[in-house]
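Morning, everyone. Please have a look at the model on the screen, and then I'll talk you through two topics.

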Amino acid sequence: MLKDYYAILSVSQDASLSEIKLQYQKLLLIHHPDKQQQNQSVLKEAIPLQDIKEAWECLRQPSQRAFYDSSLKALRLRANGQVNDDIDLDDMDYNEDSGAYSAPCRCSGEYVISEEELELGVDTVVCSTCSLIVRIHYEVETDRDDDNDSDGNNK
Ligand SMILES: [Zn+2]
């Protein structure tokens, strides 16, 4: 289950890196076991120091943060059941350079899903431009070993 790092750090999802860093340092101080006693009055609830560090480690890297954001967004959308359309992965264009599949939206934007996201089980994508959401249907290849038996020696 994905943790909500933004909630852990009490920052908004569009907070800048410096805002997040400031908040992280503040939380480190407040939630440090040595300090917790004296700060008890200002604490709404104790957040494990490990969660705070984990959140910062993820959000400090722009590429990791972007990936985390899309996973989080998809998870929330799925929880809300707000899906506007369905597409088959077979109908999407595969981009070898980025390792991502894309499909055009009815606006001029597009839906993009990376192989990493697919491997994580992400199946809902938001349009890059508008707020439409699609669910992507794809087969999980569980019997890949059987398929490769016949020509496995060629590689
Ligand atoms: Zn769109």
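Let's begin with a question: is C130 buried, partly exposed or exposed? Keep in mind that this is a predicted model. C130 has 25% relative accessibility. Buried means under 20%, and exposed means over 50%. So C130 counts as partly exposed.

Now, the metal. C130 is one of the residues that coordinate the zinc ion. The others are C105, C107 and C127. Each binds through its SG atom, at 2.1 to 2.4 Å. The site is tetrahedral, with angles of 104 to 115° among the four donor atoms. Ideal tetrahedral angles are 109.5 degrees.

Along the sequence, the donor spacing reads C-x1-C-x19-C-x2-C. C105 and C130 link distant parts of the chain, 25 residues apart. C105 sits in the loop between strand 3 (100-104) and strand 4 (110-114). C130 sits in the loop between strand 5 (124-126) and strand 6 (133-137). At 8% relative accessibility, C105 is buried.

Next, the aromatics. How many aromatic pairs does the structure hold? Four. One of them is Y6 with Y68, which is tilted. Their centres are 6.1 Å apart, with 40° between the planes. Y6 belongs to helix 1 (residues 5-9), Y68 to helix 5 (residues 62-80). Y6 is buried at 3%, and Y68 is buried at 4%.

Y24 and W56 make a stacked pair, 5.0 Å centre to centre, 15° between the planes. Y24 is in helix 2 (residues 17-31), and W56 is in helix 4 (residues 49-59). Y24 is buried at 12%, W56 at 7%.

Last point: Y5 joins Y6 and Y68 in one aromatic cluster.

Definitions and conventions: Residues numbered from 1 in each chain as written. Predicted model: local features only at pLDDT ≥ 70, side-chain atom pairs only at ≥ 80, totals over all residues. Heavy atoms only, no water. Donors = N, O, S within 2.8 Å, 3.2 Å for Na, K, Ca; no water. Tetrahedral: all angles 85-135°; square planar, octahedral: opposite > 155°, others 65-115°. Helix = DSSP H or I, 4+ residues; strand = E, 2+ residues; numbered from the N terminus. Buried < 20%, exposed > 50% of the residue type's maximum accessible area, 1.4 Å probe, protein only. Phe/Tyr/Trp six-rings, centres within 6.5 Å; stacked < 30°, edge-to-face > 60°.
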